[in-house]
Amino acid sequence: MSKKIFSGVQPTGNLHLGNYLGAIKNFVNLQKEKENICIYCVVDLHAITIKQDPEILKKNIRETTAVFLASGLDPKKSIIFNQSMVSSHAEGAWILGCVARMGWLNRMTQFKEKAGKDKEKASVGLYIYPILMASDILLYDATHVPVGEDQKQHLELTRDIAQKFNSDFNAPNFLIEPEPLIQQNFSRIMSLKDGKKKMSKSDPSDQSRINLTDNKDQIVNKIKKAKTDSGILPDNDSDLQKRPELNNLYGIFSSIQDQNLDLTIDEFKGKNFSDFKNSLSDALVEKIYPISLEINKLLKDERYIDEILLSGASKAEKIASKKVNDIKKKIGF
Ligand code: AQP
């Protein structure tokens, strides 16, 4: 059955292996299924929920687009655009914000994590971020949303908002309740320094992540220095599960090689840590370094990237503005 796919990535710099394995790789696989309609967005309105330098933001919008293209997204097959160029997203968010309930937003764990202890000083935008995300998805009647594990709760909120809108305005199935598409395994890639912390763009330590723009030496060095424990390589899954750092590295290897974890355990049992780390570095250099090279090549042609975003925005605008108009009619405007 054909799926309508929507997903986004924030242009907040340092796109990393977690973004790739948790989300972007899946975007590309979904694009390969010919019957799917795929819409991928550089969600720059989301990025400004945290203060951004205007020049760096501009650069990061292009860089995120280059990551999409270098990873295999094709503007002839998918709509690729940046959110701020389609004003319907913000308009939809206002209306849906009047449908969503405070209690629902208060439960969002990502706000709690990102705002930290000083939540009084967090932007209002950071708090209402999940409503903008709901607008992004619902305006395109998306049926499926490929995301990392960390976005599951926001997707549930999107479904709640759709349900309440449909019931408040007596419009069954008018807003489509989207399904999350979360990688079955390895859906949460962890920091190379701490197996209990998510690999993240904003981690101050560059050693904690493999950036998609890293060169060969950086990839090899980061894996060499990645935290492990002092045990021997595991011969079964239950041992591995008790060792967060190694579990993460085994997950990365399995995901990058498209093989299941048991096969990875079998491949390395009885071997040395250095054998495993060498194989992991080789696999990452083989799969990630070409992406890095392509990103750098694409970034030399800003005009090409800008044209893709402009043409994508014009296609997206047609779909999103029609839905916003339909929403307006339902609510009596
Ligand atoms: N570590 C991760 N493992 C698996 N998936 C991940 N994603 C992010 N980190 C991981 C997924 O990548 C997609 C795009 O993410 P985003 O641009 O919306 O930003 P984010 O989730 O805020 O990314 P970061 O790196 O975690 O940024 P900071 O440092 O700001 O917190 C999403 O589908 C996300 O699930």
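What follows looks at the overall build of the chain, one of its helices and its two largest pockets.

The model is a predicted one. The chain carries 14 helices and five strands. With a radius of gyration of 21 Å, close to the 20 Å that the globule rule gives for 333 residues, the chain is as compact as a globular protein of that length. The C-alpha trace spans about 70 × 45 × 45 Å along its principal axes. As for burial, 50% of the 333 residues count as buried.

Helix α1 is worth a look of its own. It takes in residues 17-32, 16 residues in total. From its first C-alpha to its last, α1 reaches 21 Å, close to the 22 Å expected at 1.5 Å a residue. Even so, α1 has a bend of about 40°, placed at Ala23. Burial, with the cut-off set at under 20% relative accessible area, applies to 14 of the 16 residues of α1, so this helix is largely enclosed by the rest of the structure.

Then there are the pockets. The largest pocket comes out at about 1200 Å³ in volume, and 47 residues line it. Nearest its centre lie Gln10, Gln110, Lys114, Asp150 and Lys198. Two or more lining residues come from each of β1 (4-9), α1, α6 (109-115), α7 (124-138), β4 (144-146) and α8 (152-168); helix α1, bent at Ala23, is thus also one of the elements of this wall. The top contributor to the lining is α7, which gives five residues. Sorted by class, the lining of the largest pocket holds 20 polar, 15 nonpolar and twelve charged residues.

The second largest pocket holds about 330 Å³ of space. Its lining is made of 18 residues, and the ones closest to the centre are Ala93, Gly97, Ile128, Ile131 and Leu132. At least two lining residues apiece are supplied by α2 (44-47), α4 (88-97), α5 (102-106) and α7. Helix α7 again has the largest share, here with six residues. By class, the lining of the second largest pocket splits into 13 nonpolar residues, four polar and one charged.

Taken together, α7 links the two descriptions: this helix gives the most to the lining of the largest pocket and also the largest share to that of the second largest. On the class counts, the largest pocket has twelve charged residues in its lining, whereas the second largest pocket has one.

Technical notes. Residues are numbered from 1 along each chain as its sequence is written. This is a predicted model: local features need pLDDT of at least 70, side-chain atom pairs count only at pLDDT 80 or more; totals for chains, interfaces and linings use all residues. Side-chain values use heavy atoms; hydrogens and water are left out. Helices (H or I, at least four residues) and strands (E, at least two) are DSSP runs, numbered from the N terminus. The expected span of a helix is 1.5 Å times one less than its number of residues. The bend at a residue is the angle between axes fitted to the seven residues ending there and the seven starting there. Buried means under 20% relative accessible area, exposed over 50%, partly exposed in between (1.4 Å probe, protein chains only). On a 1 Å grid over the protein atoms alone, a cavity is a set of points where a 1.4 Å probe fits but cannot get out, and a pocket is an open set with protein on both sides within 12 Å along at least five of seven lines; lining residues have an atom within 4 Å of a point. Grid points are joined across faces, edges and corners, and a volume is the space filled by probe spheres set on the points. Ala, Val, Leu, Ile, Met, Phe, Trp, Tyr, Cys and Pro count as nonpolar, Asp, Glu, Lys and Arg as charged, and the others, Gly among them, as polar. The radius of gyration is taken over C-alpha atoms; the globule rule is 2.2 Å times the number of residues to the power 0.38.
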